[in-house]
Amino acid sequence: MSKLIVNGGKRLCGSLRVRGAKNSVLPILASSYLTQGESVLRNCPDLTDVRVACRILRMLGCRVRRAEDAIAVVPDGAAGTFVPAAHMCEMRSSIIFLGAMLARTGQACLSMPGGCDLGPRPIDLHLMALRRLGAVIREEQGCLRCTAPDGLRGALICFPSVSVGATENALIAAVTARGCTRIRNAACEPEIVDLAAYLQKCGAHIYGAGTSELYVEGTARLHGAEHTILPDRIETATYLTAAAVTGGAVTLCRTDDRLLRPVLYCLQRAGCGIRCEEGRISLEAPQRLQAMGSIFTAPHPGFPTDAQAVLMAAAAGAAGETRFTETVFPRRFRHVAPLCAMGARITVQHSEAVVQGVPQLHGASVRATDLRGGAALVIAGLAAQGTTEISDVCYIDRGYEHIETALAQLGAEITRKEAASAGMC
Ligand code: EPZ
């Protein structure tokens with residue numbers, strides 16, 4: 001179990017390369033199980049969750065190897081249909097393998113993914129979509145036993161609410177189903193567009209990716225393909241915000257401002273100068289940020305829920321009041337308590353958090369509560385006076401590749417320390 005030690009007050013300056021998107025590489029790795037022949041995925045971040053996904057592919061019978069930031073997958077001959085409970089607990093988004101396993105083998109067995117730090121994580125929309133495509137799914141003693149006795153067939157799928165993962169599972173299951181599928185009220189996230197782009201390179205016929213209506217013409221076989229994963233928009237938001245809270249000036253490379261326009265707008269409202277060029281975003285921060293008014297999280301193209309905690313850390317030391325309304329995961333405020341332990345003034349009522357900015361946060365010993373909440377504590381530590389110790393760093397490692405190395409490259413005083421004391425990880 002390791003800790004991050006942050007000595008705050010250092011101004012972040014310089015440039016940093018952004019890695020590939022965790023939430024794109026995971027569904028693309030899962031969908032590679034649909035194909036015959038080798039796929040090579042480039043710009044893959046080296047994260048805990050990515051390693052879990054590669055382990056699952058190997059368990060299903062695929063050959064998987066990594067060379068630097070490229071992952072090669074060869075599913076030929078693979079016929080696995082089972083994801084052990086341990087992997088489902090390790091990464092609840094392993095549910096994304098369900099559609100691919102059903103499509104390739106006609107059956108799948110995996111344990112129900114538990115809740116997580118963001119609250120209950122239902123999968124009813126995933127199951128509804130797969131049943132519409134012909135899957136027979138029984139929930140027995142915490143396990144999902146799924147079969148597609150007559151294979152998967154095209155259908156009309158109307159989601160009652162937007163779900164990124166359920167849209168991805170439906171799309172993955174539909175691309176080799178017999179006939180055509182229409183998916184209404186689909187998620188529009190950039191990671192869905194990236195998944196569709198990879199599948200189209202594999203021979204899939206997908207129309208409307210990035211809009212709320214997808215149309216898929218099923219095709220019998222998909223071949224492997226080469227694909228470069230799109231930049232991680234939440235990592236981009238995290239490192240820009242880290243510079244913003246320290247009055248810094250940074251340039252992030254190999255990113256794309258089109259992926260996080262609402263976040264950039266909030267940082268500009270906070271007083272930051274933002275300049276965007278091809279693949280690069282530069283930020284210049286004021287000595288002290290201004291409050292950002294009201295921020296509502298929403299499905300893309302709205303303000304991303306994954307950036308809520310990160311921007312809240314910035315609001316904690318800004319001049320004035322910022323209100324966050326969390327509409328995607330209403331209980332996504334577990335980072336509030338540790339931020340308050342660092343001197344932040346935040347009150348939570350239902351799905352709204354009101355932040356009264358304070359002139360100075362102070363260092364403290366805190367625990368990461370989840371991936372993005374942990375990143376928020378690192379950002380608060382960079383702004384705080386004194387030293388902050390952050391434990392349960394494993395949460396952060398799920399979504400940021402060596403966060404301390406990246407931030408130290410920008411001038412932060414941050415180190416990782418192995419700790420003996422028991423923690424969540
Ligand atoms: C994806 O999670 C991301 N994870 C999350 O990022 C992100 O916060 C989320 O989308 C929203 O953008 C990955 O892509 C691996 P949802 P997902 O299904 O697919 C409810 C991070 O920090 N819902 O869009 O699980 C659900 O409870 C992670 O990188 C149902 O009710 O999110 C939530 O309230 C955290 N039934 C809402 O929909 C279902 O069957 C949106 O969830 C599925 C979801």
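Here is a short chat about reading the ligand site and two residues in a predicted model.

Visitor: What should I know before reading this one?

Guide: The model is predicted, so local features need pLDDT of at least 70 and side-chain atom pairs count only at pLDDT 80 or more, while totals for chains, interfaces and linings use all residues. Numbering runs from 1 along each chain as its sequence is written, and side-chain values use heavy atoms, with hydrogens and water left out.

Visitor: Which residues come nearest to the ligand?

Guide: A residue is near a molecule if one of its heavy atoms lies within 4 Å of it. Here 22 residues surround the ligand, and D124, L125, S163, D306 and V328 come nearest.

Visitor: How do I read polar contacts with the ligand?

Guide: Look for a pair of N or O atoms within 3.5 Å. A side-chain N or O atom of S163 is 2.7 Å from a ligand oxygen, and N23 has one 3.0 Å from a ligand oxygen.

Visitor: Why does the ligand lie between domain 1 and domain 2?

Guide: Domain bounds come from an automatic or database domain assignment. Domain 1 (2-18 + 231-418) and domain 2 (22-228) both give residues to the shell, so the ligand lies between them.

Visitor: Is E191 buried or exposed?

Guide: Buried means under 20% relative accessible area, exposed over 50%, partly exposed in between (1.4 Å probe, protein chains only). E191 is buried, at 5%. Counting contact as heavy atoms within 4.5 Å, E191 touches A21, N23, S24, E168, L230 and R233, leaving out residues up to four places away in sequence.

Visitor: And T325?

Guide: T325 is buried too, at 14% relative accessibility.

How values were computed. A polar contact is a pair of N or O atoms within 3.5 Å; within protein, one must be able to donate a hydrogen and the other to accept it, and residues adjacent in sequence count only if both atoms are side-chain atoms.
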